[in-house]
Every structure is written in C-alpha cells, then in structure tokens.
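This briefing is for a reader who has not seen the structure before. Please look over the sequence and the model first.

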Amino acid sequence: MPHALLRIHQPGFWQRLPSPWDSNVEETLLCCQVRQETADVKSFFFRSRAGHAFQFSPGQFLTLELDIDGVPLNRCYTISSPPTRPHTLSITVKRVPGGKVSNWLHDRLEVGDAVRVLGPAGEFSSARHPAQRYLFLSAGSGITPLMSMVRTHRDLCDDRDTVFVHSARTPDDIIFSRELALLSASQRQFRAHFVCESLGQHAGWHGLTGRLSLPLLELMAPDFLQREIFVCGPAPYMLAVRNMLVSTGFDMARHHEESFSFETLSKPAEAVAATDAALASAAEPAFSIHFQKSQRTIQCAAGQPLLDAARDAGLRLAASCTQGLCGTCKVRLLDGRVDMRHQGGIRQREIDQGMVLLCCSRPLSNLLIDK
C-alpha cells in the first residue's frame with residue numbers, strides 16, 4: 001500500500017483536527033495533483049507541508065506569487081474546491097494564448113513543486129448571501145467559484161433550489177460537465193444547464209446553442225426574478241448579464257459578480273470614477289512622493305491613489321488588478337504615512353515591514369518609496 005494511503009489509514013488520522021493554514025506563516029504550498037479538465041483547462045491541487053487545514057468561504061480566491069524567468073508575477077485564481085474538504089485546495093486554470101502565468105502553470109508546474117500563495121480573500125460567496133433559491137451564471141473558467149459553492153452545498157447535504165447555467169464555446173469546452181451532470185442526477189433541487197456557442201467537433205450535442213439571452217434564461221429559470229444571482233466570467237459576458245437583468249427590473253441588490261480579468265469596469269463607469277477622483281483631488285492638499293531608485297518626484301493629492309498619481313506623471317510601474325487584490329504593485333515605504341485599504345493582496349507581516357500597495361494607498365504625508 002502506498003505510503004500516503006498508509007498515513008491516511010493510520011488510527012486517529014481523521015480524529016486529529018489540524019490547525020488552520022495561515023499564508024503569513026506558511027508562505028508556500030505543495031502541488032500534490034494536476035488534473036486535465038478539458039483540452040486547455042487544468043486543475044492544480046495543493047496541500048500544506050505542515051498538514052494545516054484550509055479555511056475559506058466558497059467563492060474566495062488565492063493570489064499566486066510566482067517568479068517566471070526572473071520576473072515576479074502575481075495572479076489571482078479562485079479556489080474551485082470546497083472548504084468542506086480542508087486537507088487540500090485546488091485552482092482551475094484555463095490556458096490563455098500569450099498568458100505568461102497560465103502557460104507557465106500548464107507547462108511547468110508539476111506534482112512536488114512548491115508555490116508561494118497569499119490568501120484566501122474575497123467577498124464573492126453564497127455563504128455571505130444565504131437564500132432559498134439561487135441562480136448561478138458562469139462562462140468559461142468563471143465556473144470555478146460557483147463550483148466551490150455547489151460542491152460545498154453537496155458536501156453539507158444542503159440541497160438548495162439551485163439553477164446552474166454555464167456557457168462554453170463548444171460541448172468539449174464545458175468544464176466539470178460530468179460532475180455537474182452527476183450533481184443534477186443526485187440532488188433533487190439542483191439543475192444544471194449548458195449553452196454552447198457552437199457544436200465544434202461534438203456532432204452529437206443535443207443541448208442549447210448560441211449565447212445566453214433573456215428568452216433562454218426564462219426557459220431555464222423562469223423564476224429568476226426571485227432568485228439570488230451569482231455571476232462569474234469574462235467582462236463582456238458579465239456586462240451582458242448585467243444589462244439583461246437591469247432590463248427586466250431585477251433587484252440588483254441580489255446580483256453578485258466576480259472576475260479576475262481586471263477589466264470589469266465598463267468604460268462609462270471608469271470615466272465617471274476618473275472624473276470624480278479628479279474633482280476630489282483638486283480640493284485636497286498635495287504631497288511630495290519621491291521614488292528613490294528612479295530618482296523621480298511627483299505630486300499626489302491626499303485622496304488620490306499613489307498608482308494613479310504615478311501613472312499621471314508618466315512613471316511605468318507594475319500593476320494588475322488596481323483593487324488591492326493581487327499584490328503586483330507592492331513596494332517598500334521608506335518614510336511617511338499612507339492610508340492603505342487593501343482586499344487581501346498583502347500579508348500583515350509585509351505591512352509590518354513597511355510594504356504598501358500603490359493602487360489602494362493614499363498619502364497622509366510626504367513619502368519616500370524604494371522604487
């Protein structure tokens with residue numbers, strides 16, 4: 001019998017309650033399994049070397065801190081496994097053409113490799129919005145947080161009235177298709193539907209084709225106006241769903257969405273935000289921000305994010321999410337004070353050491369930054 005199985009079957013293994021994993025203490029996790037889901041999607045499973053248990057809300061995400069060819073890169077990936085199985089956790093990653101991180105994960109991450117991980121974090125979770133009836137809408141790899149939620153409901157024998165509608169390019173691109181079919185067959189109140197843009201090579205497909213539309217939504221979930229709705233997928237998909245729901249008079253307080261494309265704001269919304277920020281900054285005192293390594297000094301209003309001021313001044317600085325999620329814009333603050341309101345993209349240990357995130361930090365004094 002393999003050593004891992006021997007350890008699992010040792011008396012008392014399941015009786016021991018492991019202490020929670022803390023990314024501030026144990027910064028790396030060990031890849032323990034890689035699973036091919038579709039032609040361009042893989043799931044990567046991780047465990048704690050010290051045997052700690054993972055605690056998170058279904059729908060939360062991790063930030064991977066990678067060094068690829070000498071370049072530090074951070075990326076956020078939703079946890080696809082449920083918190084009800086705390087000894088391992090998984091992320092499910094779609095290979096993106098030209099994507100440095102997704103291609104590195106697919107081509108180079110193997111069982112036994114260690115990866116620096118930060119998190120979990122995020123507010124997108126059905127656990128925060130309990131309801132009797134749910135509608136889950138996903139497209140592509142946006143299925144991952146919703147799978148964590150439905151897997152949690154299954155493990156807890158919580159057969160909620162749930163309609164799960166997933167959109168894919170072709171039937172062969174449906175992630176977790178067999179598991180969703182099994183969930184539909186084994187749970188009385190769970191129903192999964194798939195909408196494929198085209199048949200691809202799957203000539204035997206008898207499901208729905210095209211793109212998600214209001215008539216299709218009414219066909220699959222005629223009572224969607226009474227459901228709590230969770231949406232995840234590419235930004236254009238989520239915008240289309242948002243517009244669709246608004247047109248029906250849906251109560252958008254019961255609409256929740258998540259995306260890591262970092263382009264989730266519509267252009268009008270971005271323009272309004274930029275205008276509001278400019279008006280607010282005009283009435284506030286400006287502070288001097290000196291970047292030590294590049295020997296550049298800029299002005300930044302008290303209510304303006306440091307990253308925005310730096311970009312306005314023509315500085316090229318690494319950044320991705322601009323929301324305090326991913327940690328890409330992390331720098332060391334050598335002198336001065338800031339108001340930083342992040343969303344999990346930095347460890348407390350790093351904050352104690354003087355690190356800040358430029359995207360969500362506003363100056364409270366003149367600053368000296370090690371950059």
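The notes below cover aromatic rings, one arginine, one helix and internal space.

The model is predicted. It holds 7 aromatic pairs and 1 cavity of 30 Å³ or more.

**Aromatic rings**

- The count of aromatic pairs comes to 7.
- In the pair made by Tyr-134 and Phe-136, the ring centres lie 5.5 Å apart and the planes meet at 35°, so this pair is classed as tilted.
- Tyr-134 has a relative accessibility of 1% and therefore counts as buried.
- Phe-136 is buried as well, its relative accessible area being 0%.
- Both residues belong to one aromatic cluster, formed by Phe-124, Tyr-134, Phe-136, Phe-164, Phe-190 and Phe-230.
- Phe-176 has a charged residue over its face: Arg-151, at 4.6 Å from the ring centre.

**Arg-169 and its surroundings**

- Arg-169 is placed in the loop that runs between β8 (161–168) and α4 (177–186).
- With a relative accessible area of 42%, Arg-169 is partly exposed, because the value falls between the 20% limit for buried and the 50% limit for exposed.
- Apart from neighbours within four places in sequence, the residues in contact with Arg-169 are Asp-40, Lys-94, Cys-196, Glu-197 and Ser-198.
- One of these, Cys-196, is 27 residues away from Arg-169 along the chain, yet the C-alpha atoms of the two are separated by 5.3 Å.
- The side chain of Arg-169 is also joined to that of Asp-173 by a polar contact of 3.2 Å.

**Helix α2**

- Helix α2 covers residues 100–108, and its buried residues are Val-101, Ser-102, Trp-104, Leu-105 and His-106.
- These buried residues pack against four strands: β2 (41–47), β3 (61–68), β4 (71–78) and β5 (89–94).

**Internal space**

- Rolling a probe the size of a water molecule over the atoms shows where empty space is left.
- By this approach the model has 1 cavity of 30 Å³ or more.
- The largest cavity holds about 50 Å³ of space.
- Its lining consists of Val-150, His-153, Asp-158, Asp-159, Arg-160, Thr-162, Gln-187 and Phe-190.
- Phe-190 thus appears in two places, lining the largest cavity and taking part in the aromatic cluster.

Terms used:
Residues are numbered from 1 along each chain as its sequence is written. This is a predicted model: local features need pLDDT of at least 70, side-chain atom pairs count only at pLDDT 80 or more; totals for chains, interfaces and linings use all residues. Side-chain values use heavy atoms; hydrogens and water are left out. Rings of Phe, Tyr and Trp (its six-membered ring) pair if their centres lie within 6.5 Å; planes under 30 degrees apart count as stacked, over 60 as edge-to-face and the rest as tilted. Buried means under 20% relative accessible area, exposed over 50%, partly exposed in between (1.4 Å probe, protein chains only). A charge sits over a ring if NZ of Lys or CZ of Arg is within 6 Å of the ring centre and within 35 degrees of the ring normal. Helices (H or I, at least four residues) and strands (E, at least two) are DSSP runs, numbered from the N terminus. Contact means heavy atoms within 4.5 Å. A polar contact is a pair of N or O atoms within 3.5 Å; within protein, one must be able to donate a hydrogen and the other to accept it, and residues adjacent in sequence count only if both atoms are side-chain atoms. On a 1 Å grid over the protein atoms alone, a cavity is a set of points where a 1.4 Å probe fits but cannot get out, and a pocket is an open set with protein on both sides within 12 Å along at least five of seven lines; lining residues have an atom within 4 Å of a point. Grid points are joined across faces, edges and corners, and a volume is the space filled by probe spheres set on the points.
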